[in-house]
Amino acid sequence: MIGVLVVEAVIYDAGSLKEKRSVLKSASAKIKQRFNVSIAETDHQNVWQRTEWAIVSISTERVQVEKELQKSLKLLESYTELEITDVSWEWL
């Protein structure tokens, strides 16, 4: 089972791409360290205050995939620098 979580977010305090990248790098690193997922910025790379991530988890059981993706989303939601604007799920 493959689960894909697509998360769009706004980073209001980012005044440059460098500031945006700092927040994204920190969040991505924590997610990769803590959970069995892959994460990548998939859209809005050249926009200062907007981002889209795709987070992917693979397992033989859907419950495990969903658990990892839910934990990843919860961690992103805990970042005060980010405001999650949209979340979508896909199962393959």
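**Close-up 1. Thr42 in strand 2, a partly exposed residue of this predicted model.** Thr42 counts as partly exposed because its relative accessibility is 38%, which lies between the limit for buried residues, under 20%, and the limit for exposed residues, over 50%. The residue has its place in strand 2. Leaving aside the neighbours within four places in sequence, Thr42 is in contact with Glu52, Trp53 and Ala54. With Glu52 the contact is also a polar one, since a distance of 2.7 Å joins the side chains of Thr42 and Glu52. Trp53 stands 11 residues away from Thr42 along the chain, and yet the C-alpha atoms of the two residues are separated by 5.5 Å.

**Close-up 2. Glu41, Lys20 and Arg21, linked in a network of salt bridges.** The structure holds 4 salt bridges, and two of the pairs shown here share the residue Glu41. In one of these pairs, Lys20 forms a salt bridge with Glu41, and the closest N and O atoms are 3.0 Å apart. Lys20 lies in helix 1 (residues 17–34) and Glu41 in strand 2 (residues 38–43), so this pair ties together parts that are 21 residues apart in sequence. In the other pair, the side chains of Glu41 and Arg21 meet in a salt bridge, with 3.0 Å from N to O. Because Arg21 lies in helix 1 and Glu41 in strand 2, this second pair ties together parts that are 20 residues apart in sequence. How buried or exposed is each member of the network? Lys20 is buried, with a relative accessible area of 0%, whereas Glu41 is partly exposed at 22% and Arg21 is partly exposed at 32%.

**Close-up 3. The salt bridge between Glu8 and Arg50.** The closest N and O atoms of Glu8 and Arg50 are 3.3 Å apart. Glu8 lies in strand 1 (residues 2–10) and Arg50 in strand 3, so the pair ties together parts that are 42 residues apart in sequence. Glu8 counts as buried because its relative accessibility is 18%, and the limit for a buried residue is under 20%. Arg50, at 38% relative accessibility, counts as partly exposed.

**Close-up 4. Ser57 in strand 3, a buried residue.** Ser57 has its place in strand 3, which runs over residues 50–58. With a relative accessible area of 3%, Ser57 is buried. Which residues surround Ser57, not counting those up to four places away in sequence? Ser57 touches Met1, Ile2, Gly3, Asn36, Val37, Val65, Glu68 and Leu69. For Asn36 there is a further detail, as the side chain of Ser57 reaches the backbone oxygen of Asn36 at 3.5 Å.

**Close-up 5. Helix 2 and its buried face.** Helix 2 has 17 residues and reaches 24 Å from its first C-alpha to its last, which is close to the 24 Å expected at 1.5 Å a residue. Val65, Glu68, Leu69, Ser72, Leu73, Leu75 and Leu76 are buried in this helix. Seen down the axis of helix 2, these buried residues fall within an arc of 160°, so they line one face of the helix. On the other side, Val63 and Lys74 are exposed. The buried residues of helix 2 are covered by parts of the structure that include strand 1, helix 1, strand 3 and strand 4 (83–91).

**Close-up 6. Arg62 in helix 2.** Helix 2 covers residues 62–78, and Arg62 lies in it. Arg62 is partly exposed, with a relative accessible area of 40%. Not counting residues up to four places away in sequence, Arg62 touches Met1 and Trp91. The C-alpha atoms of Arg62 and Ile2 are separated by 7.8 Å, although the two residues are 60 residues apart along the chain.

**Close-up 7. The largest nonpolar core, with Leu76 among its residues.** This core has 21 residues, and those with the most contacts inside it are Ile31, Trp53, Ile55, Leu76 and Leu82. Strand 1, helix 1, strand 3 and helix 2 each supply at least two residues of the core. Which element gives the largest share? Helix 2 does, with 5 residues. Not counting residues up to four places away in sequence, Leu76 touches Val7, Ala27, Ile31, Trp53, Ile55, Leu82 and Ile84.

Definitions and conventions: Residues are numbered from 1 along each chain as its sequence is written. This is a predicted model: local features need pLDDT of at least 70, side-chain atom pairs count only at pLDDT 80 or more; totals for chains, interfaces and linings use all residues. Side-chain values use heavy atoms; hydrogens and water are left out. Helices (H or I, at least four residues) and strands (E, at least two) are DSSP runs, numbered from the N terminus. Buried means under 20% relative accessible area, exposed over 50%, partly exposed in between (1.4 Å probe, protein chains only). A polar contact is a pair of N or O atoms within 3.5 Å; within protein, one must be able to donate a hydrogen and the other to accept it, and residues adjacent in sequence count only if both atoms are side-chain atoms. Contact means heavy atoms within 4.5 Å. The expected span of a helix is 1.5 Å times one less than its number of residues. The arc is that of the directions from the helix axis to the C-beta atoms. A nonpolar core is a set of buried Ala, Val, Leu, Ile, Met, Phe, Trp, Tyr and Cys residues joined through side-chain atoms within 4.5 Å.
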